[in-house]
Amino acid sequence: MRRLNAVLRGFRLVATTALLLWPVLSSGQSSASAPTTRVFGAYSVNADYVANVPFLIVFNQPVSPFFSHGGGPYGFEASIERGLRGHLGMKASVSRYVDPFRGPVSYCQPPSICAVGSTFEDDTSAMYFTAGPVLTAREGKRTSVFTHALVGAVRSSSTFSLSGTNVEYVQNPTSLPSQLIVFTGQPFGQPSSVSYTDHFSDIGLATTLGGGVDVRFAHRLQFRASMDWNPTFLSRPERSAHTDVVVVPSERGMQGHTRISVGVVWQLGR
């Protein structure tokens with residue numbers, strides 16, 4: 001017990017000394033190396049490479065996975081970078097994208113009766129959390145360039161809904177006035193109003209490989225434009241005009257994305 005008390009007293013002494021000397025050590029270190037911290041905020045677009053098909057038939061399965069691509073045309077990117085040594089630093093990034101889908105839909109039931117005159121909505125979103133090293137060149141110049149390699153996770157979600165009032169029913173249709181055709185395995189009669197909804201979400205690996213350019217227009221303020229290839233590894237159905245598709249494959253696949261971000265950098269320190 002006596003030895004333990006002595007150790008605790010020694011620990012308290014060391015901790016107190018460190019706290020008292022911390023401002024001096026901190027100022028000395030910042031005057032010697034002065035590592036920089038950069039905070040970035042931007043408007044961002046994250047395009048996907050899902051093949052377009054003339055029409056989409058979804059047979060007796062959730063529809064929302066077919067619209068969940070892990071990207072979107074509307075989004076933001078925010079990141080923080082910390083210089084370590086020389087041109088090397090570390091970056092942590094968060095970004096979010098949304099992609100709203102709207103249009104007409106045909107809602108069909110067995111044996112072959114379809115309700116026409118309905119509309120659908122699908123709101124998709126994707127949230128990225130990544131971190132990794134960043135290399136910056138020409139830091140002291142008006143124009144600097146950087147490259148980074150980040151890895152992390154992405155959460156993609158999609159909510160599908162269709163609704164219609166005073167709909168019309170067509171038996172044994174040879175053509176339908178919509179590119180999206182949803183078949184249900186259970187008959188629902190012929191009501192004047194129809195509605196349906198489902199939801200899908202998935203979490204998977206995400207990487208970000210790319211870089212960009214910074215242009216200084218104030219002492220601590222820079223304009224940044226960046227471009228990345230950021231593949232995701234999620235479970236996605238294969239968009240097809242056939243009815244024998246699988247909603248969530250047993251194996252994850254890679255989905256390619258190209259991200260473009262334009263915004264400002266606020267530099268702290270130095």
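What share of the 270 residues of this chain counts as buried? The figure is 40%. Keep in mind as you click around that you're looking at a predicted model.

**Stop 1: the whole chain**

Colour by secondary structure to begin. You should find one helix and 13 strands. Walk along from the N terminus: the helix comes at the start, and then it's strand after strand to the end of the list. Now think about contacts between residues with a separation of 6 or more: 77% of them are between residues 24 or more positions apart. Switch on the surface, too. Its accessible area comes to about 14,900 Å², and 63% of that belongs to carbon and sulfur atoms.

**Stop 2: the largest nonpolar core**

Hide the surface and select Phe67, Phe120, Phe160, Leu162, Leu180 and Val182. In the largest nonpolar core, which has 18 residues, these six touch the most other members. Strands 2 (56-59), 4 (88-109), 5 (113-137), 6 (143-165) and 8 (180-183) each give two or more residues to this core. As a rule, nonpolar side chains in soluble globular proteins tend to be buried together.

Zoom in on valine 182. Which residues is valine 182 in contact with, leaving aside its neighbours within four places in sequence? Show Val58, Val63, Val105, Ser106, Tyr107, Cys108, Phe160 and Leu162, and you have the set.

There's also a second, separate core of six residues; pick out Ala126, Tyr128, Ala206 and Leu234, which are among them.

**Stop 3: the disulfide**

Cys108 just turned up beside valine 182, so stay with cysteine 108 and add cysteine 114. A disulfide joins the two, with 2.0 Å from S to S. A search of the whole structure finds just one disulfide. Are its cysteines buried or exposed? Both cysteine 108 and cysteine 114 are buried. Look along the S-S bond as well: the torsion is about 105 degrees, so this disulfide is right-handed.

**Stop 4: salt bridges**

Time for some charged residues. Side chains of opposite charge can pair when their charged atoms come close. How many salt bridges does a search of the whole structure find? There are nine, and here are a few to visit.

Select glutamate 77 and arginine 259. They form a salt bridge, and their closest N and O atoms are 3.5 Å apart. Glutamate 77 belongs to strand 3 (residues 74-85) and arginine 259 to strand 13 (residues 257-268), so this pair links parts of the chain 182 residues apart. Glutamate 77 has 3% relative accessibility, so it counts as buried. Arginine 259, at 1%, counts as buried as well.

Next, try glutamate 121 with arginine 102, a salt bridge at 4.0 Å from N to O. Because glutamate 121 lies in strand 5 and arginine 102 in strand 4, the pair ties together parts 19 residues apart in sequence. Glutamate 121 is partly exposed at 40% relative accessibility, and arginine 102 is partly exposed at 46%.

Now go to arginine 252 and aspartate 202, whose side chains meet at 3.2 Å, N to O. Arginine 252 is in the loop between strand 11 (232-234) and strand 12 (253-255), while aspartate 202 is in strand 9 (residues 193-216), 50 residues apart. Here the partners sit on either side of the 20% cut-off for buried: arginine 252 is partly exposed at 45%, whereas aspartate 202 is buried at 10%.

For the last selection, show Glu81, Lys91, Asp214 and Arg224: salt bridges that share partners join these residues into one network.

Note on methods. Residues are numbered from 1 along each chain as its sequence is written. This is a predicted model: local features need pLDDT of at least 70, side-chain atom pairs count only at pLDDT 80 or more; totals for chains, interfaces and linings use all residues. Side-chain values use heavy atoms; hydrogens and water are left out. A nonpolar core is a set of buried Ala, Val, Leu, Ile, Met, Phe, Trp, Tyr and Cys residues joined through side-chain atoms within 4.5 Å. Buried means under 20% relative accessible area, exposed over 50%, partly exposed in between (1.4 Å probe, protein chains only). Helices (H or I, at least four residues) and strands (E, at least two) are DSSP runs, numbered from the N terminus. Contact means heavy atoms within 4.5 Å. Accessible areas come from the Shrake-Rupley method with a 1.4 Å probe; for residues, only the protein chains shown count as cover. A disulfide is a pair of cysteine sulfur atoms within 2.5 Å.
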